[in-house]
Amino acid sequence: MIIPLLKGLATTLKMAFSKPITLQYPEEKREVSQRWRGHPELTINDDGGRRCVACTLCMVVCPSNAIKAIVADEAEDHGKYPVAFTIDLQRCIFCGFCQEACPKGAIKLNRLYELAQYDKKLLILDIEGATQSKSQLRLGDWL
Amino acid sequence: MVNLTIDGRAIQAKPGSTILEVAKENGIFIPFLCYHPALKPIGSCRICVVDVKPGPPRPIPACATTVTEGMEVVTDTPRLAALRQELMKLVLINHALECPICDKGGECELQNMTHALGVSTVDLEAVKLPPNPDYVSQMVERHPDRCVTCGRCVRVCRDRVGAMAINFTLRGYFTELASGAQPLDCEFCGSCIDICPVGALINKQFKYRARAWDMVKTEIACPFCGGGCTYQVHTKDGKILRVVNEDSVLLCGRGRFGWPVVEADDRLKTPLIKENGNFREASWDEALDLVAAKLTETVEAGGAKAVYGVGSPRATNEANYVFQKFFREGLATNQLDNPGRYNYARAIKAMAEVFGTPKLEGLEIGSALVPPYHSPLVVKEAATGSGFPFVLGKLADLPKADLVLVVGTDVTPESPPLGWGLMEAKDNPNFRLVMANSRKTKFDRYAHLSVRYKPGSERVLIAGLIKFFLADNPDWVPAIKAAGLDEFKDSIKITPKEITTKTGVEEATLKELAALLAQAKAPAIVFGSEVMSQDKGQQTALALADLFLLVGQPDAPGSALYPVAEKNNSRGVSEVGVLPDMGPGYMPVEGTDAGPTLEEMLDLLEHDDAAAPKALYLLGGDLLRSLPHRSRTKKLLKKVPFIVVQDAFLTDTAKLADVVLPVAVHAEQEGTFISSTGQLGLINQALPTNGVRPDWQIISQLGTKMGFALKSVSPKAIFKELAKKMPLWAGLAPKLSAPCPEIKAMVSGKFVPFEVDISLPGRRPYTLIIGKSLQHSGSFTTHHPGGTLAVTGEAFLKINPEDAQSLELAPGEVVKVISSYGEIAAPVKLTADVPAGVVFLPEHFAAPAANNLTLNSNLVRVTIQKG
Ligand code: SF4
Ligand code: SF4
Ligand code: SF4
Ligand code: SF4
Ligand code: SF4
Ligand code: FES
């Protein structure tokens, strides 16, 4: 009668002193695969400039209309670059089509996956917010 | 019809068409690169190769091979596919492949072809060439590294536009598009941009502003010259990004690059009311109430005739029709006219004298519902028509003429489509072009005979021509039923010696021209504003109408009169009845109460006549800027107690007004225009109006406030009502030309003697001609940021280098030009295009305002002094 009880206690004790399999989310974040498809972001060159040339192919291919308002301008060297670029994370379905369509490797899905917000507007990224390592969503100040 | 098979399919084709054309018509895909429907095929890229039996054992180009009876064409075999792939790879060696930033991406024929032919890799190598982009030229950006050397641009510029501004340099793999190692110095029509299959030629206005698939396309009729082009405006978010003619590619610079006028900084946005000499912004209701009250007051005090209206050659047919209805039905007067009185209306009067006013029979109102902007009048089988509209030429017929006599017009600035017509006519080896003008113009380079006469001597020239013609052909019977030839013959008294001294043209030249006219099977006469704007323009037009009556062959297509109606709707405003003596369709007004013409109205004001108007209603049209003798016009307009102006800009005339009502222009409105050659052009609204209103709506709202039931609810409804009253427009629909070719033309005429004199008073040493310059149409194109203003931003006084030398003038130097009526300052440009003793100034600009110098004509004698 008591044996099963002890067995249960032993398991409980073992678990109490071993490494837990749950995470203390949101204080702790789960490490995801290198190939995780998270938020799309605009990648940068070594010099910190965006690689995007505003060809709008990502916008065309995006099946859920999450990429909006890419406005191009002419640089001094006559090149083309975006002055506005909006990614609406609320609409994004993390399919990675944009990454695949981009001829310049200028848009990539990073490994961020969190989307809970008090203010929806935070999920609509402007060109600065969408640029690699500038995303407000990395700061964690809203956690 | 020719019978042939393509890929086993039996097909009937028009004789003379090429395999490629027939395949396209029948939906059979043959790839092509150097072929374009607007150009003659040259068969250079060989992508279009097909196998043909009977024929040589090798593949031949489909674009350059005409179909023959019993031909068997195979368009797709493994060998052909391999050949095409190989050719594509050759084209693609070192192609820039910057599609992401290339504006052509998405509508690039090379992209599409590469895809269609399944070329995925290029396993060939060649030395890399430097990209050599041209960012300096205006309007057009060139990227030779994207060029596929199809030669379309070179051919369109040389064979269709006639500018010959670009060509290839170097040979073979190194071939490069160039304009003599210089930035482009051309007509800036942009036709090469749109004919280029790739992104080697880019529209600078459009660069990087949108991708091809992002835009909404709306077709509109061009609101600049009377050429009557229709094109698609490509808009995004309520803004025009570019203008493209998807049918024939050709457009002129104003049409293609002039649209920023819609966004001009100085557009009026709200109605303006003048108080104590200054304008203040007002609401629509307030402004319209004020105008209605003032006009009613004027009518009560001075009768309905105290209000005078001037219609607009820029406004739509619908607006002008409602405008004349406002006067004819609302006020029950004929106190209205249009500014064409000073040019195109003169030609109408003259032609009506010789060929009669239009009379049509055998039309009926159709029972079926007609689509919008189609005439409800149906042409019955036995329909006949007579009168001058039946000797007016259609644009599509001009290339069929075998002799074109161009008098007093610089064709390309005034009416580019006529120029394209002449270029096409040139394809006929029997075609002869005669350019008669006081100065050298573009088409002199293509002329078989250039007649350089002294300014103002046109009538002497034509009298001489008729005299020599009849002397050489004493038994000549005009092809048109004509009365009064004998009396007319006797009325020309001028001697050959007088002709030579007065015109400065050798007798031999005129005799040669007379001989050409006698031989011609389809002679056409084109004449423009440089003759119509002279004080005796009507007499000159009469002389030309007589000449056509003598030599015209109206049964031969292309043999017609082509008076150039300068603005987009110069012809329409008269046709819908904004004339003091004729209503819609040139129907004479009943009774004898024809109103005064615009000229007569100004005279009444000058004499402070009791019949002078007390209120003026101007439907656009900057009279101060466009009428001769500016200071007089200004003085007279100031005498009018109340002026209301409908215009998009605060023009000099609008500044004199008491109320200014801002109107919609370009693609902000809906409606129709009639081109110089009678074609109905339809504008579909593509832009929001942002607070301004279309002309027709303002007039109709004003009418309502004044208690007139004009019943004008929409442009479509107005057109329907209007077209019912226009027998001349029977069978008319967008892109068709009036009168309908189904109507049997019964043209007859009578010779009317004209005054054989030169009216160019004064003794000053130089004769100034005021005319048109490329890139501009009236003053409509001179508002910043105008597209073509960048190309032609200011007016130069063109002067012969000899004259410049004797006056010791350097190029660009500002001189004083003095006439008996005024004085202006203008920089000079030295050019042998004007003969010694003649100077030329364009009319478009606010400064120098050429019409400060004139009295009643576009010709005036002037003195030129160093700055
Ligand atoms: S596909 Fe790439 S280069 Fe093109 S707009 Fe999107 S991010 Fe920019
Ligand atoms: S021309 Fe065509 S293929 Fe070449 S870069 Fe431009 S879009 Fe790409
Ligand atoms: S813009 Fe017109 S005139 Fe100039 S090069 Fe092109 S086609 Fe020729
Ligand atoms: S610039 Fe364009 S149209 Fe001209 S040859 Fe090159 S590819 Fe052809
Ligand atoms: S301005 Fe005249 S020629 Fe030029 S595009 Fe317009 S209608 Fe055609
Ligand atoms: S399209 Fe026929 S040879 Fe180029």
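Which residue is the bridge partner of K798(B) in strand 37 of chain B? In strand 37 of chain B, that partner is K829(B), and the views below take up this pair again after other parts of the model. This is a predicted model, in which local features need pLDDT of at least 70 and side-chain atom pairs count only at pLDDT 80 or more, while totals for chains, interfaces and linings use all residues. Residues are numbered from 1 along each chain as its sequence is written, chains are lettered from A and ligands numbered from 1 in the order in which they are written, and side-chain values use heavy atoms, with hydrogens and water left out.

**View 1. The barrel of chain B.** Six strands of chain B close into a barrel with mixed pairing, in the order 34-38-35-37-36-39 (strands are DSSP runs of E with at least two residues, numbered from the N terminus, and two strands pair if DSSP finds at least two bridges between them). Neighbouring strands of this sheet are turned against each other by 45 degrees on average, direction ignored (axes are lines fitted to C-alpha atoms, and angles run from 0 to 180 degrees between N-to-C directions). Strand 35 (residues 797-799) and strand 37 (residues 823-830) of chain B run parallel and are joined by three bridges, and K798(B) has K829(B) as its bridge partner in strand 37 of chain B.

**View 2. The loop residue N851(B).** N851(B) lies in the loop between strand 38 (838-842) and strand 39 (859-866) of chain B. With a relative accessible area of 8%, N851(B) is buried (under 20% relative accessible area, with a 1.4 Å probe and protein chains only). Apart from its neighbours within four places in sequence, N851(B) is in contact (heavy atoms within 4.5 Å) with residues including L624(B), R625(B) and H629(B).

**View 3. An open sheet of chain B.** Three strands form an open sheet in the order 10-11-12 of chain B, with antiparallel pairing. Its edge strands, each pairing on one side only, are strand 10 (216-221) and strand 12 (239-244) of chain B. Strand 10 and strand 11 (residues 230-236) of chain B pair over six bridges, and K217(B) stands opposite H234(B) in strand 11 of chain B.

**View 4. The surroundings of ligand 3.** The residues around ligand 3 (a heavy atom within 4 Å) include C157(B), C186(B), C189(B) and C192(B). This shell divides into eight nonpolar, one polar and one charged residues (Ala, Val, Leu, Ile, Met, Phe, Trp, Tyr, Cys and Pro count as nonpolar, Asp, Glu, Lys and Arg as charged, and the others, Gly among them, as polar).

Terms used: Helices (H or I, at least four residues) and strands (E, at least two) are DSSP runs, numbered from the N terminus. Buried means under 20% relative accessible area, exposed over 50%, partly exposed in between (1.4 Å probe, protein chains only).
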